[in-house]
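Please find below a colleague's note on the model under review. It is set out as numbered points for discussion.

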Amino acid sequence: MKNSITITDNRTNNSYEFEIKDATRGPSVVDISSFYAQTGMFTYDNGFTSTASCTSDITFIDGNKGELRYRGIEIEELATEHSFLAVCYLLLNSKLPNEEELLDFDLELRHRSLLHENLRHLFQAFPSGAHPMATLSAATAALATFYYDHLNISDESDYQEMARRIIAKMPTIAAFAYRHSIGAPFIHPDIDRGFAENFLYMLRAYPGGKMHRGIYGEYTIKEIEIKALDTIFTLHADHEQNASTTTVRGVASTGAHPYVAISAGISALWGRAHGGANESVIQQLEMIGSIENVDKFIARAKDPDDDFRLMGFGHRVYKNFDPRAKVLKGLQEQLKDELKLDSNLMQIANKIEEIALNDEYFISRKLYPNIDFYSGVILTALKIPTSMFTPIFVIGRTVGWITQWIEFKKTKGMKITRPRQLYIGK
Ligand code: SDX
């Protein structure tokens, strides 16, 4: 049997044959790149629900099983047994680091976490209260002016250096964006602190880098907070060809600077249908206010004439529990006493989940909680301001975006992204 599919045009009885390419895991693809040449027609796929845009060996998702793997390793193992930096190394190098490799990688990122002093002036240009996502996108694009030599890179060591630089600097850019939004002086990264701790330090420290020593003198960055944030970064690290990664690959396909591709990814992620959902979930839980109001909002989410949607529910790929949501739910349970999670918000979230998972509307559409449904309650308990939720998604996802960017550049024969249309004009 030939590994192909034949399509017949019933208007003319003409048949057209297309090659099937098999995956190492998951669905095969039908190569329709000759479809227009053979048939004179385009295929149409709103939102690319059935379209593969590339080959990749970075991340695998099985939406029916609720399975997620980075470089073949399941997310549950990575989130519980490895640090975020080890996961960054895995994504970039296709293997987990040994102790020495991890130490070198960590030290390099610490040294690269500083921003050029001139960038401070860029932040000053924004009004206080500016949403950190807008500042993050602008500042990341501005980095391209400092590393212009990276416009024409073509070898692995250049790619890896450019990747380590942007991964290292994103927490600093995000922290500076936040500090500016509240009119507070910047806190420079402290190279004696690890990745996640340093981010909390840059958010919380007082001028001069003094940490407020809680009323009992305890250090105000707890180990449990560092571990929780590190896990959250890992869960957000990559996710196949989602909307923002597709945006990054689109910019990569024109040959623009990698840091403006990441900036475009940040912009795409901001939308509440995508990464911005984590901020919207908390706003929605606060708007619902009490478990007595949940039924009313579930009814609104089901009403076809009401554009209200349950933020944090549903997913293009997961038609089962998002495995990242499961890890976060477990983390919520683990942290609820230590970090005094907001029990009212948790009760409302659990009530929504309980009703939605037993309601025909959600069951028939296979709408389950996604990663954004649970991250907000934990981030709130980490005293992270809501406006910083999506920037935290950016810090986690930067490694995924830059790894996908490198894969695009290294894949032979990748073409500029340029879809066609169904013209319905005059
Ligand atoms: C992320 O793609 C990724 O991998 C993204 C991400 C990543 O790591 O990169 O996983 C991160 O973006 C997670 C998703 C965060 N977004 C939200 O939580 C926003 C709320 N969810 C939706 O807007 C929606 O579910 C999407 C955008 C996530 C998915 O949209 P799809 O796949 O295009 O599905 P759809 O909009 O066509 O909806 C199918 C049906 C519709 O009903 P009918 O028209 O068939 O009657 O399900 C309904 C929708 O109305 N529906 C919802 C709903 N989500 C879908 N109804 C109520 N509440 C919702 N949240």
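The points below cover the basis of the model, its domains and their interface, one buried residue, and the salt bridges.

1. This is a predicted model, in which local features need pLDDT of at least 70 and side-chain atom pairs count only at pLDDT 80 or more, while totals for chains, interfaces and linings use all residues. Residues are numbered from 1 along each chain as its sequence is written, and side-chain values use heavy atoms, with hydrogens and water left out.

2. Domain 1 spans 4-68 and domain 2 spans 74-426; such bounds come from an automatic or database domain assignment. Their C-alpha centres are 31 Å apart. Contact (heavy atoms within 4.5 Å) involves 20 residues of domain 1 and 23 residues of domain 2.

3. The two domains bury about 1800 Å² between them, with 60% of it on carbon and sulfur atoms. Buried area here is the accessible area (1.4 Å probe) that two parts lose on being put together, summed over both. On the side of domain 1, Ile58, Ile61 and Leu68 lose the most area to domain 2, together 35% of what that side buries.

4. No salt bridge (a side-chain nitrogen of Lys or Arg within 4 Å of a carboxyl oxygen of Asp or Glu) is found across this interface. Eight residue pairs, both at pLDDT 80 or more, are nevertheless in polar contact between the domains. A polar contact is a pair of N or O atoms within 3.5 Å; within protein, one must be able to donate a hydrogen and the other to accept it, and residues adjacent in sequence count only if both atoms are side-chain atoms.

5. Thr390 lies in helix α18 (residues 389-410); helices are DSSP runs (H or I, at least four residues), numbered from the N terminus. Thr390 is buried, with a relative accessible area of 0%, where buried means under 20%, exposed over 50%, and partly exposed in between (1.4 Å probe, protein chains only). Its side chain makes a polar contact of 2.9 Å with that of Asn278, and a polar atom of the Thr390 side chain lies 3.5 Å from the backbone oxygen of Gly275.

6. The whole structure holds 28 salt bridges. One of them joins Arg11 and Asp9 at 2.9 Å; Arg11 is exposed at 66%, whereas Asp9 is buried at 12%. Another pairs Arg69 with Glu67 at 2.4 Å, N to O, and both of these residues are buried.

7. Glu101 and Lys95 form a salt bridge at 2.8 Å. Glu101 is partly exposed at 22%, as is Lys95 at 37%. Separately, salt bridges that share partners link Arg25, Asp62, Lys65, Glu67, Arg69 and Glu74 into one network.

Technical notes. Helices (H or I, at least four residues) and strands (E, at least two) are DSSP runs, numbered from the N terminus.
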